[in-house]
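This report looks at one helix, one loop residue and the confidence of the model. Please keep the structure at hand while reading.

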Amino acid sequence: MGRHGWNSGAWRWRLTALLGVGAAALALVLTLINTLPGDGGSTAGTSRDGDKVHGTPAVPPDDLGPDVGWGFTHTQFSADEGSGKATERVEGLLSKTGMPQIQHIMGWGAGNPEPVKGRYDFEDMDRRIDFVRASGGIPVVTLCCAPDWMKGGKAGADKTNWSQSALETAPEPEHFEDYAELAATVAKRYPDVRHFIVWNEFKGFWNNAEGRWDYEGYTKLYNLVYRALKKVDKDIMVGGPYLVMDSLDPRQTQGASTTLKGPWGAMDQRALDAFDYWNKNKVGADFVVVDGSSYTEDDEMLPNEFAATDKLTAVSRWVRERIGKLPLWWAEYYVEPGDANDERDGWSETRRSAVQAAGLMAMARGGATSGFYWNPEDEKGASCAGCLWTPTASSDGGRGLPMLDLLSRFSEAFPPGTTYETVSVAADDRPNVRVLADDEVVLVVNTLDRSISAKVDGKRFAMGAYEVKWLRR
């Protein structure tokens with residue numbers, strides 16, 4: 001699972017060059033101190049003060065609820081590091097809208113938060129939270145993944161296994177309570193984080209014997225974490241299950257839903273079963289989280305890349321029918337299949353922005369109030385397909401790219417609580433444009449790779465190939 005791929009974050013470990021006999025001797029002493037018999041592994045660089053409040057927490061808005069709006073997720077490389085001028089440039093761009101920003105507690109730019117039981121290392125996480133604060137964003141924490149000693153691996157600051165298979169292993173059931181304690185520690189350290197997502201894409205929760213998701217195991221972990229976070233602060237908001245809503249070729253019958261389907265495909269019934277179990281057996285939730293792509297498991301965009309986004313609407317409506325008034329979040333959404341290396345360089349930024357806009361519109365049309373773009377920032381280089389800003393490694397970096405403009409404008413135009421309105425579209429334009437509107441703004445997308453003349457909301461205007469146009473009403 002997880003089509004976005006895996007960025008281990010292992011490169012962040014600091015290697016100190018020890019020069020000379022004196023330095024070598026000092027290193028030996030430190031090693032002995034940090035690896036005493038029976039301590040479960042090296043504790044170098046860790047602290048017992050994991051729940052000590054870090055930095056200067058921002059004051060959450062008085063009206064902050066479970067709806068946070070449209071934002072993005074930090075990945076392995078982000079604007080918390082690099083040239084000071086570049087990082088400040090990104091902070092300035094983001095501060096204009098105050099979008100929500102997700103950070104995982106382990107991986108995707110964060111090191112192992114608890115290498116040894118009761119010993120913590122939040123250096124990377126601290127830096128990411130500081131960046132969210134500096135850029136005026138709403139911090140959201142995804143509680144994934146788990147330290148090695150919780151999942152059958154070795155304890156120790158120097159023993160973390162950063163392979164994808166290791167990272168995507170769930171905690172063993174006997175360590176579920178340990179993981180809940182870690183979640184509580186994170187909440188105490190960052191009291192301005194009011195929104196927590198429990199785990200990521202059911203990673204490690206697969207029942208091989210029965211060929212289905214281990215939704216019982218995930219729900220048990222979720223409930224323990226939910227209670228632990230509420231014990232820290234009853235006003236903390238918790239959501240799950242962050243389940244991948246996979247779909248199959250519409251011609252496939254095995255494992256396919258007979259009720260939730262369309263030209264875009266048929267939902268994998270196992271995902272729907274897992275959602276229903278969690279929804280019935282959860283002890284509580286302040287918001288509900290799913291993720292997924294518009295294309296099928298075979299990377300087919302049916303009938304085409306724009307019409308395929310109708311899946312996001314259909315899934316959103318299906319979930320909303322089951323969750324009542326709880327807000328619906330898409331923690332990740334994908335509208336462009338990756339290649340063998342999970343790279344997405346095949347589309348122009350114009351086409352990418354148009355299809356991404358269609359995806360955002362589809363989620364909103366289905367009743368979602370929040371969605372998070374998986375930001376694929378490169379560490380270096382002059383170009384980055386689909387990135388929000390240029391790499392911050394150089395002083396000239398950190399400049400906004402088309403996807404940031406789209407996401408920022410969508411976030412500002414259609415915040416939680418938006419009442420969407422129907423607008424008129426000329427009959428001959430309906431097959432060629434996608435439209436979303438409220439009482440002030442109309443967003444129009446040309447789905448064709450050629451120029452058109454469109455009439456929307458009573459106005460006639462020209463649109464370039466794959467153009468995304470914003471109209472004031």
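## Helix H2 and its surroundings

In this predicted model, helix H2 (residues 84–95) has 12 residues, which at 1.5 Å a residue should span 16 Å, and its end C-alpha atoms are indeed 16 Å apart, so the expected and modelled values agree. Seen down the axis of H2, its buried residues fall within an arc of 95° and therefore line one face of the helix. In general, an α-helix has 3.6 residues a turn, so residues three or four places apart point the same way. The buried residues of H2 are Ala-86, Thr-87, Val-90 and Leu-94, whereas the face turned away from that buried side carries the exposed residues Lys-85 and Glu-88.

The elements against which the buried residues of H2 pack are listed here.

| Element | Residues |
|---|---|
| strand S1 | 70–73 |
| strand S2 | 100–104 |
| helix H3 | 123–134 |
| helix H10 | 402–413 |

A second site is His-175, which lies in the loop between helix H4 (164–167) and helix H5 (176–189). With a relative accessible area of 17%, His-175 falls under the 20% cut-off and is therefore buried. Leaving aside residues up to four places away in sequence, His-175 touches Trp-149 and Met-150.

As to confidence, the protein chain has a mean pLDDT of 92, and 92% of its residues reach 70 or more. Over residues 1–38, however, the pLDDT is below 50, although this stretch has 67 contacts in the model beyond near neighbours in sequence. Where pLDDT is low, the predicted coordinates should not be read in detail.

Conventions: Residues are numbered from 1 along each chain as its sequence is written. This is a predicted model: local features need pLDDT of at least 70, side-chain atom pairs count only at pLDDT 80 or more; totals for chains, interfaces and linings use all residues. Side-chain values use heavy atoms; hydrogens and water are left out. Helices (H or I, at least four residues) and strands (E, at least two) are DSSP runs, numbered from the N terminus. Buried means under 20% relative accessible area, exposed over 50%, partly exposed in between (1.4 Å probe, protein chains only). Contact means heavy atoms within 4.5 Å. The expected span of a helix is 1.5 Å times one less than its number of residues. The arc is that of the directions from the helix axis to the C-beta atoms. pLDDT is the predictor's confidence in each residue, from 0 to 100.
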